[in-house]
Amino acid sequence: MVLVDSRPKRKKYDKGHIPTAINIPDTFFDKEKDKLPAEKDKLLVFYCEGPTCKLSHKSAWKAVELGYTNVKIFSDGYPAWVKFVGPETAAASPAATQVKAGAEEGSIDIEYFQETLAGNPEAFYLIDVRDADEFANGTIKGAQNIPVDQLEDEISSLPSDKPIVFICGTGARSGESFYMVQDVRPELKNVYYVDAEMKVNKDGTFTLTKPAGM
């Protein structure tokens, strides 16, 4: 499932949202629709500010027009989530999903990364920075391909609504990508890379091996 918050980013989403939800404000749906998954049969659940708010309904209809076949609306929206977990818990939800860092600067803890993907594959914005031919031979499910030699031109458009994790075959190019973001867009803080040898199959299954000495 992909949970989509259709409310304005700074006014609503940044002040509190349901954990794991990505933000695609209905006003900017056409500009940010690339955040939606490539699989047209993926379950999409849109929500906004409750039954009197039309944003989620409008966005859901736009998704249907794009060809998505499994689109739902959580009509009670964010207020129902706040009521369910309580105001204090709701306010703390973004912090509760804090990424566990690895030993090297910018790296993500490998066990945490694998466990999180297994239970919530939409938790990260995965970017595979290998070349297109390597990507075509198999990548982690949900990852998008931006080869490292093309990344600099794309950094300004990277999303900030959930952690970005760079992956490659060894940790070399993914690490380079992390530092490139620090140089070009230092205000983007929630960025990590997988510092491990990655072997991935056509079906998206993968194994990670820590570098020697880790």
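A disulfide is a pair of cysteine sulfur atoms within 2.5 Å. The structure examined here is a predicted model, and a search of the whole of it finds zero disulfides. Cys-48 illustrates the point: the nearest cysteine sulfur belongs to Cys-53 and lies 3.1 Å away. Because the cut-off is 2.5 Å, Cys-48 is in no disulfide. Cys-48 counts as buried because its relative accessibility is 0%. Cys-168 counts as buried as well, with a relative accessibility of 3%.

The model contains an open sheet of four strands. The order of the strands is 2-1-3-4, and their pairing is parallel. In general, strands of a sheet pair through backbone hydrogen bonds, either parallel or antiparallel. The edges of this sheet are formed by strand 2 (22–23) and strand 4 (71–74), each of which pairs on one side only. Strand 4 is joined to strand 3 (residues 44–47) by four bridges, and the two run parallel. Across this pairing, Val-45 stands opposite Lys-72 in strand 4.

Helix 8 covers residues 172–184, a total of 13 residues. From its first C-alpha to its last, helix 8 reaches 18 Å, which is close to the 18 Å expected at 1.5 Å a residue. Six positions of helix 8 are listed as buried, namely Ser-174, Gly-175, Ser-177, Phe-178, Met-180 and Val-181. An α-helix has 3.6 residues a turn, so residues three or four places apart point the same way. The buried residues of helix 8 pack against helix 7 (148–151) and also against two strands, strand 7 (164–167) and strand 8 (191–193).

Aromatic rings form six pairs in the structure. One of them joins Phe-178 and Tyr-179 in an edge-to-face arrangement, with 5.0 Å from centre to centre and 75 degrees between the planes. Phe-178 counts as buried because its relative accessibility is 6%, whereas Tyr-179, at 37%, counts as partly exposed. Phe-178 also pairs with Tyr-193; this pair is tilted, at 5.9 Å centre to centre and 35 degrees between the planes. Phe-178 lies in helix 8 and Tyr-193 in strand 8, so the pair ties together parts that are 15 residues apart in sequence. Both residues of this tilted pair, Phe-178 and Tyr-193, are buried.

A further group of rings is made up of Tyr-112, Phe-113, Phe-124 and Phe-206, which form one aromatic cluster. Phe-113 lies in helix 5 (residues 110–119). With a relative accessible area of 0%, Phe-113 is buried. When residues up to four places away in sequence are not counted, Phe-113 touches Ile-108, Phe-124, Leu-126, Ile-140, Val-165, Ile-167, Val-194, Phe-206 and Leu-208. Phe-124 and Phe-206 thus appear both among these contacts and in the aromatic cluster. Phe-113 and Ile-73 are 40 residues apart along the chain, and their C-alpha atoms are separated by 29 Å.

An aromatic ring also takes part in an arrangement with a charged side chain. The charged end of Arg-7 sits over the ring of Tyr-78, at 4.4 Å from the centre of that ring.

How values were computed: Residues numbered from 1 in each chain as written. Predicted model: local features only at pLDDT ≥ 70, side-chain atom pairs only at ≥ 80, totals over all residues. Heavy atoms only, no water. Expected span 1.5 Å × (residues − 1). Buried < 20%, exposed > 50% of the residue type's maximum accessible area, 1.4 Å probe, protein only. Contact = heavy atoms within 4.5 Å. Pairing = 2+ DSSP bridges. Phe/Tyr/Trp six-rings, centres within 6.5 Å; stacked < 30°, edge-to-face > 60°. Lys NZ or Arg CZ within 6 Å of the ring centre and 35° of its normal.
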